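Trainee: I'm new to this one, and I'd like to know what stands behind the words people use for it. Can we go through them together?

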Amino acid sequence: MWQDFAEYILNEVGDEDVKIAEIGIGKFNMIAKTISARENITLIKTDILPADESVIRDDITNPDLNI
């Protein structure tokens, strides 16, 4: 299921340069790894409790819109 979702995103993006935000990534990063492997995709990952330094701390109930 998750691989299908990642493939759907990649198909929609195509070769365009895009920024994608994954809100509330948690500790599940399979989709993030799959889509960020593409050079034309800039991935922004956020979570209220970041699992590592690649995730920006943000609260969806009071988001930092500058991100």
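Trainee: What makes β2 largely enclosed by the rest of the structure?

Mentor: Six of the seven residues of β2 are buried, so the strand is largely enclosed. Buried means under 20% relative accessible area, exposed over 50%, and partly exposed in between, with a 1.4 Å probe and protein chains only. Bear in mind that this is a predicted model, where local features need pLDDT of at least 70, side-chain atom pairs count only at pLDDT 80 or more, and totals for chains, interfaces and linings use all residues. Residues are numbered from 1 along each chain as its sequence is written, and side-chain values use heavy atoms, leaving out hydrogens and water.

Trainee: How do you know that β1 and β2 pair?

Mentor: Two strands pair if DSSP finds at least two bridges between them. Six bridges join β1 to β2, and the two run parallel. One of the partners across there is Thr46 in β2, matched with Ile23. Strands themselves are DSSP runs (E, at least two residues), helices are runs of H or I with at least four, and both are numbered from the N terminus.

Trainee: And what joins β2 to β3?

Mentor: Three bridges, again with parallel strands; β3 covers residues 55–57. Thr46 has Ile56 as its bridge partner in β3, while Lys45 stands opposite Val55.

Trainee: Why are β1 and β3 called edge strands?

Mentor: The open sheet has three strands in the order β1-β2-β3. β1 and β3 each pair on one side only, and they are its edge strands.

Trainee: What makes the β-α-β unit right-handed?

Mentor: Point the strands away from you: the crossover is right-handed if the path from the first strand over the helix to the second runs clockwise. β1, α2 and β2 make such a right-handed unit.

Trainee: How do you know that the span of α1 agrees with what a helix should have?

Mentor: The expected span is 1.5 Å times one less than the number of residues. For the 12 residues of α1 (2–13) that gives 16 Å, and the end C-alpha atoms are 17 Å apart, which agrees.

Trainee: Which residues of α1 are buried?

Mentor: Ala6, Ile9, Leu10 and Val13. They cover an arc of only 95 degrees around the axis, taken from the directions from the helix axis to the C-beta atoms, which puts them on the same side of α1. The face turned away from them carries the exposed residues Asp4, Asn11 and Glu12.
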